[in-house]
Amino acid sequence: MMVRGIGVRDISVIEGISIVKVLSVLVKSCYVIKPKQQHYNSLEVDEFWTYVGKKKNKVWLIYAYDRDSGEIVSFVWGKRDVKTAKKLRKKLLAAGIGYDRICTDNWESFIIAFRSDNHIIGKRHTVGIEGNNCRLRHRIRRAFRKTCCFSKIIRNHLKAFNLAFFYINFGYV
């Protein structure tokens, strides 16, 4: 239910269990996405912000997306900087994921991090991932920009996104 825009309190009421139990199940979940392929024709990379506790505490998600399959291939959390962008590239390489080209917007950190790849810059090449950002904001309550549903603890925040990404990639939880 959490991957369909329903918050913890709503799940608690619907299922007739305590909020603590819902959070306990979330924290104990161990959904990890693994790429379905070892090679992709084209990956799109973009950044996405959410917050934990209050809107001043932004947490940045940078992720790689395959438009053809709708798959979230890999992701990292961090600050909106070159270090986090390089961390994503390193994670892709460490997982043995190959790609013919990588498409990003004109953000300086992406230009630096992916300069040695076949890097294509431009918004028209990132239409798929921008649409996926919209889908994430519709599916995950914690990703809404104006919401009363947010994470107070970073661990719960990351677990909720892991669960949603697993659901997007595999269609079930």
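A salt bridge here is a side-chain nitrogen of Lys or Arg within 4 Å of a carboxyl oxygen of Asp or Glu. By that rule, this predicted model holds 5 salt bridges. The close-ups below visit some of them, along with one polar contact.

**View A. Glutamate 44 and arginine 67 form a salt bridge.** The closest N and O atoms of this pair are 2.6 Å apart. Glutamate 44 belongs to strand S1 (residues 39–51), while arginine 67 sits in the loop between strand S2 (58–66) and strand S3 (71–78), so the bridge ties together parts that are 23 residues apart in sequence. Take a look at the surroundings of each partner: glutamate 44 is buried, at 3% relative accessibility, whereas arginine 67 is partly exposed, at 41%.

**View B. Arginine 89 meets aspartate 117 in a salt bridge.** Here the closest N and O atoms lie 2.9 Å apart. Arginine 89 is part of helix H3 (residues 82–94) and aspartate 117 is in the loop between helix H4 (108–113) and strand S5 (119–121), so this pair ties together parts that are 28 residues apart in sequence. Arginine 89 has a relative accessible area of 19% and aspartate 117 has 18%. Each residue counts as buried because buried means under 20% relative accessible area.

**View C. Asp105, Lys123 and Glu130 are linked in a network of salt bridges.** Within this network, aspartate 105 bridges to lysine 123, with the closest N and O atoms 3.7 Å apart. Aspartate 105 is found in the loop between S4 and H4, and lysine 123 in the loop between S5 and helix H5 (127–139), so the two tie together parts that are 18 residues apart in sequence. The partners are set in contrasting surroundings: aspartate 105 is buried at 9% relative accessibility, but lysine 123 is exposed at 52%.

**View D. Aspartate 100 makes a polar contact with histidine 39.** The contact runs from side chain to side chain, at 2.9 Å. Aspartate 100 is located in strand S4 (residues 98–104) and is partly exposed, with a relative accessible area of 42%. Setting aside neighbours within four places in sequence, you will find aspartate 100 in contact with His39, Tyr40, Asn41 and Asn118. For the last of these, asparagine 118, the C-alpha to C-alpha distance from aspartate 100 is 6.8 Å, and the two residues are 18 residues apart in sequence.

Definitions and conventions. Residues are numbered from 1 along each chain as its sequence is written. This is a predicted model: local features need pLDDT of at least 70, side-chain atom pairs count only at pLDDT 80 or more; totals for chains, interfaces and linings use all residues. Side-chain values use heavy atoms; hydrogens and water are left out. Helices (H or I, at least four residues) and strands (E, at least two) are DSSP runs, numbered from the N terminus. Buried means under 20% relative accessible area, exposed over 50%, partly exposed in between (1.4 Å probe, protein chains only). Contact means heavy atoms within 4.5 Å. A polar contact is a pair of N or O atoms within 3.5 Å; within protein, one must be able to donate a hydrogen and the other to accept it, and residues adjacent in sequence count only if both atoms are side-chain atoms.
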